[in-house]
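Colleague: Please take one part of this model and go through it closely for a first-year student. Start with the part itself, then place it in the rest of the chain.

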Amino acid sequence: MYKRLSIVMFPFLLVALIGASVWGYLEHQEKNTILIKAENQYQRAFHDLSFHMDKLHTELGNTLAVNSTAEPSYRKGLVNVWRLTSQAQSDITQLPLTLLPFNKTEDFLANMANYSYRMSVRDMTKQPLTETEIKTLSSLYDHSAEITKEIRGVQDKVMTNNLRWMDVEMALASENEVHDNAIIDGFSIVDKKVGAYEELNWGPGSMGMLSQKKISMLSGNEMTADQIKQKAAQFLGQADTANMQVVENGGNSPENQSFSVVVPSGTGGADSAQMDYTKKGGHLIYFMKPRDVKESKFDLRQARDIANEFLDQHEYKDMSAVSYDQYQNIANIIFAKREKDVTIYPQQISVKVALDTLEVIGLQATDYIYGQVQRNIGQPKITAAEARKQLSPNMKVTGESLAIIKNDLDEEVLCHEFIGKMNNNLYRVYINADLGMEEKIETIRPDQAQAAANKTT
């Protein structure tokens, strides 16, 4: 009987064994294909990084070789520097370096891209390059040469020894300390050398200076957790702070120091209120009370009015709705500060309103907090009628006012703001009120049109 059963079962077992072997082989082949594809992508990104850094060094040299008064040549060179730096940043993001300390090099490239872009869009006939800026470009030329040399050295080792980036990824993911990996060692050396560079004068608008500037903008003293609880209770209109949970964030990094507050709901559900405050001054950055909003009983105009009243009650005075959206029965209204009949776009607050009960369930005030600076709003040197000549004659203007915006150099400028229709689209156009040139054009979506038309109400 067993012999007969074995004879019957043997073919099935043999087929199953062959099937399992074929399946295992195909799985192995598929895995190898994926690994080879990932390795090829890493190798391509690495060699592209080496190429772009070499071209970047050459472009900086070419830019410095022409006279600083030759505006077209300098502008072209700076645009190329910005483009190549951006490409190098993109190459780095495609490499498995997330677990490797490489932030100093990434910050350096980010500042270089920002620096070259701000100068390339500047009118050099009125603001020629200064000696300090030329000195900074010369330093960038020298530094890029050193970075290129180091990366080429790593590239030579990769090609000579057939090194694999997949080994780098596995080594970085391993908890064991890595002692001998040419790629990791090479990139670590690059980052250490960049970190040792003398601090460059990146000018206003650099990444580092913007962070420092934001901290210096905050008013008030350092807050304690208990003081933050009191602020949260006042904002929510409740007296009891016992159930509030406060966590301090940021560690030793001044620009990130804040407090997070969680206020459990009375029902013990997931709709606990969450709030973030700056440590310096105790300014509310963020408020959210998440919950499901299953229907819309009210419209956007009613939501805007409730949001405006909410801001006024919490001492955000003189705010005007500039746009709003609706998503999943929630209205998101953006307000900007108004001063002397001028809309100050850099100082904004976003408010979320549930359209079932008109409850305010969210607030984002980062731009408002850091936009509270002393402004001297002067009179426009160019009239609205003169500025209007910069618009297309085919545009039907439906609104005009004064506004402060940030231009491409991250500078606040006073503009004539025109809202107009053309080609069945609604546009917002900003014309510099001192120079008469176009600063920015925005397309207004249909669902934002009502806010644009009623922003001063």
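Modeller: The answer below starts with one strand and its neighbours, then moves to the wider protein.

This is a predicted model, in which local features need pLDDT of at least 70 and side-chain atom pairs count only at pLDDT 80 or more, while totals for chains, interfaces and linings use all residues. Residues are numbered from 1 along each chain as its sequence is written, and side-chain values use heavy atoms, with hydrogens and water left out.

The part is strand β6, residues 330–339. Strands (E, at least two residues) and helices (H or I, at least four) are DSSP runs, numbered from the N terminus. In β6, 8 of the 10 residues are buried, so the strand is largely enclosed by the rest of the structure. Buried means under 20% relative accessible area, exposed means over 50%, and partly exposed lies in between, using a 1.4 Å probe and protein chains only.

β6 has a partner before it in the chain and another after it. Two strands count as paired if DSSP finds at least two bridges between them. Strand β5 (residues 319–327) runs antiparallel to β6, and 8 bridges join them. One of these links is between Tyr-324 and its partner Ile-333 in β6. Strand β7 (residues 342–354) also pairs with β6 in the antiparallel sense, over 10 bridges. Here Phe-335 has Ile-349 in β7 as its bridge partner. As a general point, side chains in a regular strand alternate between the two faces of the sheet.

Both connections are hairpins. β5 and β6 have 2 residues between them, and Gln-328 in that turn has a positive phi of about 50°. Asn-329 lies in the loop between β5 and β6. Its phi is also positive, about 65°, although Asn-329 is not a glycine. Most residues other than glycine have a negative phi. Asn-329 is partly exposed, at 22% relative accessible area. The hairpin of β6 and β7 likewise has 2 residues between its strands, with Lys-340 in the turn at a positive phi of about 55°.

A similar case sits elsewhere in the chain: Asn-424 has a positive phi of about 65° and is not a glycine. Asn-424 is in the loop between β10 (412–422) and β11 (425–432). At 84% relative accessibility, Asn-424 counts as exposed.

Now the wider protein. It has 12 helices and 12 strands, and buried residues make up 41% of its 457 residues. Of the contacts (heavy atoms within 4.5 Å) with a separation of 6 or more, 59% are between residues 24 or more positions apart.

Among the helices, α4 has 31 residues, which at 1.5 Å a residue should span 45 Å, and its end C-alpha atoms are 45 Å apart, which agrees. The expected span is 1.5 Å times one less than the number of residues. After α4 comes Asn-162, with a positive phi near 50°.

α4 (131–161), α1 (2–65) and α3 (103–120) each supply at least two residues to the lining of the largest cavity. A cavity is a set of points on a 1 Å grid over the protein atoms alone where a 1.4 Å probe fits but cannot get out, and lining residues have an atom within 4 Å of a point. The largest cavity has a volume of about 40 Å³, where volume is the space filled by probe spheres set on the points. Its lining includes Leu-49, Phe-102 and Ile-147.

Technical notes
On a 1 Å grid over the protein atoms alone, a cavity is a set of points where a 1.4 Å probe fits but cannot get out, and a pocket is an open set with protein on both sides within 12 Å along at least five of seven lines; lining residues have an atom within 4 Å of a point.
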